[in-house]
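Visitor: I would like a close look at one part of this protein. Please start at one residue and build the picture from there.

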Amino acid sequence: MPFIRVSYMEGQYDTCQLEQISKTIMYALIKHFNVPEDDCFQVFHAHRTGEFFYSKNYLNVERSEGLLYIQITLKSGRTEQQKTGFYAMLAKELSNTVNIRKEDVFVVLVDNEFDDWSFGNGIAQMLDRQKRGVLGMAHRAIKPHASESLRKLAPAFIDYSENVLFGDLWRREQLSLRDRSLVTISALVAGGLTEQLPYHLRLSVENGLQQEEIVETITHLAYYAGWPRAASALQVVETVFENKA
């Protein structure tokens, strides 16, 4: 449920570029903060020269007249890794899609809570949903991955997996998709269930986990779940990321 304000100097960007900037911001939010695809609320402001001020080289960043101020108000709880990953992706994607200099991507994240939002009708919808325990559909749906042969063999199992496990539990807002991936990988490693690891490793990357975070998690688990299980899991990680590269 982010609210985005984008400010820029008048005449720097045309309508097509602004539309692409909007899409790129949403793409980065979905990838790193697991924002639902239809949760899009943005305002763009063009400012005349006398209304737009900035330091041209503060913190050794060389800014130009193409500077974008991007202020994003969103629910608190995102991690440092998610935020820094978001900054990096947004600057890179804006450079690739709109040819905006990375130095001109100025981002401010403003955290708040559920009771700070009203989406209309004079109601604090997110606070109301939290109190009723129905924040479950906040995250994007996980794409089905079962084979057709398994669907024929165990249709009820697949139904529970897709509609209850991934269709409900994984989409609850109390944990981010990134955190759910981390918990799931930890459980699989601790249980020695390496057969399920490749799928969840690939999914975890989609959900914002970095390879070094996964490796560090398994290293940590070695002292609690056992060295052989951690070693077996790391072999799977090595194979998955080698193939991904």
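In which loop is C40 found?

Guide: C40 is found in the loop between α1 and β2. Helix α1 covers residues 15–33. Keep in mind that this is a predicted model. Is C40 buried or exposed, or does it fall in between? It is partly exposed, because its relative accessible area is 37% and that label covers values between 20% and 50%. Now look back along the chain to I30. C40 and I30 are 10 residues apart in sequence. Their C-alpha atoms are 10 Å apart in space.

Next, follow the chain from this loop into β2. That strand covers residues 42–47. Strand β2 belongs to an open sheet of four strands. Read across the sheet, the order is β2-β1-β3-β4. The pairing is mixed. Two strands form the edges, β2 and β4. Strand β4 covers residues 105–112. Each edge strand pairs on one side only. On average, neighbouring strands of the sheet are turned by 15° against each other, with direction ignored.

Let us cross the sheet, one pairing at a time. Begin with β1 and β2. These two run parallel, and six bridges join them. One pair to find is S7 with its bridge partner in β2, H45. Now step from β1 to β3. Here the strands run antiparallel, joined by five bridges. S7 appears again: in β3, the residue opposite S7 is Y69. Then step from β3 to β4. Strand β3 covers residues 68–75. It runs parallel to β4, and eight bridges join the two. One partnership here is I70 with V107 in β4.

How much of β1 is covered? The strand covers residues 3–9. Five of its seven residues are buried, so each of those five has under 20% relative accessible area. For the protein chain as a whole, 38% of the 245 residues count as buried.

Look at the loop between β2 and β3 next. L59 is found there, and N60 is in that loop too. Their backbone deserves a check. Most residues other than glycine have a negative phi. L59 has a positive phi, near 60°. N60 also has a positive phi, of about 60°, although it is not a glycine. Are these two residues buried or exposed? L59 is exposed, because its relative accessible area of 63% is over the 50% cut-off. N60 is exposed too, with a relative accessible area of 74%.

Now for the rings. F52, Y54, Y69 and F106 are linked into a cluster by ring pairs. You have met Y69 already, opposite S7. One more ring has a charge for company. The charged end of K75 sits over the ring of F114, 4.9 Å from the ring centre.

The search of the whole structure finds 11 aromatic pairs. One of them joins F166 and Y199. Their ring centres are 6.2 Å apart and their planes stand at 80°, so the pair is edge-to-face. This pair links distant parts of the chain, 33 residues apart. F166 is in the loop between α5 and α6, while Y199 is in helix α7. Both F166 and Y199 are buried.

Finally, step back and place the sheet in the chain. The protein chain has nine helices and four strands. From the N terminus, the elements run β-α-β-β-α-β-α-α-α-α-α-α-α. The C-alpha trace spans about 65 × 45 × 35 Å along its principal axes.

UniProt, in an unreviewed entry, lists residues 155–238 as "domain: Carboxymuconolactone decarboxylase-like". Over those residues the chain is 74% helix and 0% strand. One helix to find is α8, residues 211–225. It reaches 20 Å from its first C-alpha to its last, close to the 21 Å expected. Its buried residues include I214, I218 and L221. Just after α8, G226 takes a positive phi of about 115°.

Key. Residues numbered from 1 in each chain as written. Predicted model: local features only at pLDDT ≥ 70, side-chain atom pairs only at ≥ 80, totals over all residues. Heavy atoms only, no water. UniProt positions renumbered as here; feature names shortened; annotations may be inferred. Expected span 1.5 Å × (residues − 1). Buried < 20%, exposed > 50% of the residue type's maximum accessible area, 1.4 Å probe, protein only. Phe/Tyr/Trp six-rings, centres within 6.5 Å; stacked < 30°, edge-to-face > 60°. Lys NZ or Arg CZ within 6 Å of the ring centre and 35° of its normal. Pairing = 2+ DSSP bridges. Axes fitted to C-alpha atoms, helices over the stretch in contact; angles between N-to-C directions.
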